Amino acid sequence: MKCPVCSVPTYVVEYKEIELDLCPECGGVWFDRGELELLMPSEGALEMSPARTEEAGRPCPLCARTMAKVNIGPGRRVLVDSCATCGLWFDRHEVEDLSRDLAAHSMEVDPALAEFLGGMFPVKGEEA
Amino acid sequence: MWEQIAANRRKSFMLVVATALLLMVLGYAFGEYFGGRGSGPYGVAVAVVVWLVMTLVSWFQGDQVMLAVSGAHKVKKEDLPVLFNVVEEMTLAAGLPKMPDVYVIDDPAPNAFATGRRPETAAVAVTSGLLRRLNRDELQGVIGHELGHIRNRDIQLMLFAGVLAGAIVILAEVGLRGMWFGGGRSRSRRSGGGDSAGIIAVIAIVLAILAPLLARLIYLAISRKREYLADASAAVFTRYPEGLASALEKIAASPQKLAHATRATAPMYIVNPLAEAGKMMARATATHPPIAERVKVLRGMGGADFRSYQESFHQATGKKGVIPASALKDDGGAGLRPGSAGAGAAGSAAAAGPRASQRTLARQVDDFFYRKGGYKQIPCSCGTVLKIPPDFKSHQAVCPRCGKVHDVA
């Protein structure tokens with residue numbers, strides 16, 4: 001898979017049977033469709049609505065169709081790229097933003113995911 | 001059971017006769033049309049040769065061709081332990097003489113099919129999309145359905161029926177093209193274009209158009225009936241109809257379409273991969289009954305036997321029944337069992353069991369294809385595993401969890 005932003009090959013990171021694709025250049029993260037849903041506390045946690053934005057649409061890294069810009073999460077606060085069939089692309093720190101949004105709506109994330117993401121995307125953030 | 005298989009054989013025999021007759025009539029008409037008067041028997045000979053060749057090829061190569069066309073990879077137990085386990089369990093439950101070979105197709109669309117002309121040489125194939133999406137109970141339902149096809153001898157029947165229908169479709173297609181591009185001219189030169197030639201031309205054209213439709217409809221009607229019986233078999237093998245019901249719902253809700261499905265392989269799958277939602281024609285021309293109906297019948301079952309399926313089928317559709325009388329006679333009257341997590345497919349957050357098994361399955365199938373694709377696995381001391389693609393550009397990869405830098409090369 002190639003990063004939809006930098007078009008370099010991404011690598012896969014697995015932790016406790018959770019898997020995501022990571023871009024070595026920009027730190028963006030890809031979740032296959034269904035992957036993130038499996039870890040969410042309830043059906044509503046990953047609801048999304050179309051976003052109004054000037055950002056240009058990016059091609060889906062799997063099927064190459066242009067992804068939609070959507071606001072995701074219970075507070076609809078995080079702007080991500082979504083391919084309806086393949087999955088979700090989070091820019092660096094956007095996963096973190098989603099975790100925070102979930103916490104703000106007192107939705108608990110799967111502990112394994114929380115631990116994984118907590119280690120991966122510390123709230124203070126190390127800059128590469 | 002045996003009577004059920006015998007009924008299948010009788011049915012397949014009748015089907016062969018009926019469709020073979022159709023094929024010969026078509027051949028005769030084409031013979032008269034292209035070869036001039038009196039050439040009908042030659043046309044029949046050509047049709048029979050086409051059919052024989054196709055039958056022989058499919059008989060000896062059918063399963064391999066099916067698997068090759070679908071891009072299937074054979075898996076061993078260590079590749080996909082969960083899937084293998086489920087197939088082993090269902091083999092026992094179905095009472096098959098030998099465990100079928102297991103194949104996986106790398107395709108995001110969830111689906112499965114069984115193939116092989118005898119239970120001893122059968123194979124079952126599932127897509128990676130199916131394994132990524134289902135939990136263990138649901139996978140069991142799907143595998144039970146496929147092994148049901150194997151046990152009920154559906155594969156043999158459908159292979160035969162499919163080839164016959166296919167021969168008719170090919171003959172009609174070639175014949176129609178021949179008429180369009182000059183066949184008609186040579187005929188009028190030879191016979192001078194009499195009345196009888198005109199009548200033969202009309203008959204040939206009508207047959208060329210109707211025969212493939214007819215052949216396909218016979219085939220599809222039988223195909224749908226076999227699907228219900230396979231569903232009932234899955235419910236009996238697993239004693240948990242909810243597993244298959246919720247698997248069918250997940251498959252139906254999937255946005256992906258099978259990349260590898262062709263018209264020829266479509267009837268072999270657990271749900272029709274080519275079906276377009278909301279199409280009115282779908283009912284008559286579908287290889288599979290509508291999912292909603294199949295789910296309703298499964299959910300309405302009061303016990304885990306064929307009789308319960310029959311009753312539920314009758315209630316859901318108002319139609320008489322789909323289970324052969326022989327299967328109902330020596331029915332065990334087994335009860336349903338609860339799902340592996342107790343809560344079943346209710347989808348509640350507490351049902352961690354099915355979700356965890358779904359994750360395990362997804363990882364096993366991903367790793368299988370990463371290995372096939374030449375990915376390098378680097379375990380990090382913090383517990384993550386980095387999987388590096390063969391075309392990875394840089395020489396180092398960072399573990400995002402602990403920050404450790406790993407050499408890739």
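**Strand pairing, sheet order and nonpolar cores**

A:Ala68 stands opposite A:Ser82, a residue of β6(A). The model in which this pair occurs is predicted. Strand β5 (residues 68–72) and strand β6 (residues 78–83), both of chain A, are joined by 5 bridges and run antiparallel. Strands of a sheet pair through backbone hydrogen bonds, in either a parallel or an antiparallel manner.

The two strands belong to an open sheet of 9 strands, to which both chains contribute. The order across the sheet is β4(A)-β5(A)-β6(A)-β7(A)-β3(A)-β2(A)-β1(A)-β6(B)-β5(B), with antiparallel pairing. The edges are occupied by β4 (48–50) of chain A and β5 (376–379) of chain B; each has a single partner strand, so one side of each is left without a neighbour in the sheet. From one strand to the next, the twist averages 30°. Helix α1 (residues 94–104) of chain A packs on this sheet, where it touches β3 (29–32), β5, β6 and β7 (87–90) of chain A. The direction of helix α1 makes about 115° with that of β6(A).

Chain A as a whole contains 2 helices and 7 strands. Along the sequence, these elements follow the pattern β-β-β-β-β-β-β-α-α. Chain A has 128 residues, of which 41% are buried. Among contacts in chain A with a separation of 6 or more, 45% are between residues 24 or more positions apart.

For chain B, the secondary structure comprises 13 helices and 8 strands. The chain has 409 residues, and 45% of them count as buried. Of the contacts in chain B with a separation of 6 or more, 66% are accounted for by residues 24 or more positions apart.

The nonpolar interior was examined next. The largest nonpolar core holds 88 residues, and those touching the most other members are B:Leu26, B:Val104, B:Ala125, B:Leu164 and B:Ile168. Helix α7 (residues 195–238) of chain B gives the most to this core, contributing 15 residues. A second core, separate from the largest, consists of 34 residues. Members from both chains are found in this second core, including A:Leu20, A:Val29 and A:Leu102 from chain A and B:Leu386 from chain B. The two chains are thus represented together in the open sheet and in the second core.

Conventions:
Residues numbered from 1 in each chain as written. Chains lettered and ligands numbered in written order. Predicted model: local features only at pLDDT ≥ 70, side-chain atom pairs only at ≥ 80, totals over all residues. Helix = DSSP H or I, 4+ residues; strand = E, 2+ residues; numbered from the N terminus. Buried ≥ 20, exposed ≤ 12 C-beta atoms within 10 Å, placed from the backbone. Contact = placed C-beta atoms within 7 Å. Core = buried A, V, L, I, M, F, W, Y, C linked by C-beta atoms within 7 Å. Pairing = 2+ DSSP bridges. Axes fitted to C-alpha atoms, helices over the stretch in contact; angles between N-to-C directions.
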